[in-house]
Amino acid sequence: MTITNEPVSAEVGEMVTILSIDGGGIKGIIPGTILAFLEGQLQDLDKNKDARLADYFDVIAGTSTGGIVTTMLSSPNENNRPYFAAKDIVPFYFEHGPKIFSPNNRFGFNCRNETSDGPKYDGKYLHKILREELGETRLNQTLTHVIITSFDIYNLQPTIFFKSEIEKSHYMDAKMSDICISTSAAPTMFPPYYFENDDGQGNMHKFNVIDGAAAADNPALIALSTVTKRAAEFDPSFAKIKPMDVKRILLLSLGTGAANYEGKYKAQDVAKWGALSWIKQDDGTTPIIDIISAASHAMIDDFTSTIYHALDAGNNYLRIQEPALKGSTTIMDDASVDNMKLLVQVGEDLLKKPVSKDDPETNEEALKRFAKLLSDRKKARAIKAL
């Protein structure tokens, strides 16, 4: 019997598997470090150095930098295998991060004078490298189901790129480079992105989009909702998964780290702030974004965890997040070599930390447990597919 590396649909398996990756700019190095460990475990278990995460996850979801990582893991190369191995993610940030977030690529942003000449970076290098790396690859070609978030500022509603939705909405079958640029167009950091895509009938659909964080910085809940509600409408492989049937859904959610600002902001001080003070502080922090992001992350994790535990499926959900970043590691565009090395260390240290205050199992132990489940599911599906 030969077990191939081709993705197998959830229809022949006992469980749908989801990987979700948050937004966070250069802090994507943190989940990149975690994913390299997980993929290494899967390769060891299956004694296959060519094994890739897309072989094991039915759905990979990402926002902003997480959307770019999602694309790396799921887009095909010339051999129809994932373009990047997980171990290649961190080197990608080290190679391109300093150029993406280079002072030479700035439009200009002067908070002290409370004037703005545009977003902080022009985005040209990011756009260039994504187009060069991804070429003409489109959403329909990804090697597993992907969900990548963005937000349409013209229609004031989320635009979520689902691979499974293409058949119903052909205009969503965009180039992966356009999707990556869309999901990473963070307000104040990069300009909004405009592009057009054919709807299959000769009409051009217009996209006016910004960073997916405006829709969901943590896309785990969107991914869960898609699998339990929407996907069955256009993807037979998920038809047997009923709403909230989380006993059959394995969900790994990776954060990019959150700063511990407890005690930093006091009402009497913040009361003096104007609009730009909320957007940017002299230390490089962005209070309004940090506050909204922290609230969103906490609510999504709490809600998702509550669902899984309430339905006696707590072991099927794993959220790995560093809640106490400090100094330069809190800044999403600090792509200095020293800071990127610190972010790698944050990821490595995170593996040794407990899953939560109430769970002494370390993240490393939990990932090994997840790797065993993923490996077993893949083998079971391959057998059933014969």
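Which residues of helix 4 (residues 124-134) are buried? In this predicted model, they are Tyr-125, Leu-126, His-127, Ile-129, Leu-130 and Leu-134. These buried residues pack against three other helices and a strand, namely helix 2 (65-74), helix 3 (89-100), helix 5 (176-183) and strand 7 (193-198). After helix 4 comes Gly-135, which has a positive phi near 55°.

Two of the buried residues of helix 4, Leu-130 and Leu-134, also appear in the wall of an internal space. Together with Ile-68, Thr-71, Met-72, Tyr-83, Phe-84, Phe-92 and Glu-133, they line the second largest cavity. Helix 2 and helix 4 are the elements that give two or more residues to this lining. The second largest cavity holds about 70 Å³ of space, and its lining is made up of 7 nonpolar, 1 polar and 1 charged residues.

The model has 4 cavities of 30 Å³ or more. In the largest of them lies about 180 Å³ of space. Its lining comprises 15 residues, and those nearest the centre are Gly-25, Thr-65, Ile-68, Ile-100 and Phe-101. Here the elements that give two or more residues are helix 2 and helix 3, with helix 3 supplying the largest share, 5 residues. The lining of the largest cavity counts 9 nonpolar and 6 polar residues, and no charged ones. Ile-68 thus belongs to the lining of the largest cavity and is also listed for the second largest cavity.

From the cavities the description turns to the nonpolar cores. The largest nonpolar core has 70 residues, and the most contacts inside it are made by Leu-19, Leu-35, Leu-73, Leu-252 and Leu-367. Helix 1 (residues 29-45) is the element that gives the most to this core, contributing 7 residues.

Leu-367 offers a view of the surroundings of one such residue. Leaving aside residues up to four places away in sequence, Leu-367 touches Ile-34, Phe-37, Leu-38, Leu-252, Leu-318, Ile-320 and Leu-351. Among these partners is Leu-252, itself one of the residues with the most contacts inside the core.

A second core, separate from the largest one, consists of 19 residues. Ile-147, Ile-160, Leu-224 and Ile-307 are included in this second core.

How values were computed:
Residues are numbered from 1 along each chain as its sequence is written. This is a predicted model: local features need pLDDT of at least 70, side-chain atom pairs count only at pLDDT 80 or more; totals for chains, interfaces and linings use all residues. Side-chain values use heavy atoms; hydrogens and water are left out. Buried means under 20% relative accessible area, exposed over 50%, partly exposed in between (1.4 Å probe, protein chains only). Helices (H or I, at least four residues) and strands (E, at least two) are DSSP runs, numbered from the N terminus. Contact means heavy atoms within 4.5 Å. On a 1 Å grid over the protein atoms alone, a cavity is a set of points where a 1.4 Å probe fits but cannot get out, and a pocket is an open set with protein on both sides within 12 Å along at least five of seven lines; lining residues have an atom within 4 Å of a point. Grid points are joined across faces, edges and corners, and a volume is the space filled by probe spheres set on the points. Ala, Val, Leu, Ile, Met, Phe, Trp, Tyr, Cys and Pro count as nonpolar, Asp, Glu, Lys and Arg as charged, and the others, Gly among them, as polar. A nonpolar core is a set of buried Ala, Val, Leu, Ile, Met, Phe, Trp, Tyr and Cys residues joined through side-chain atoms within 4.5 Å.
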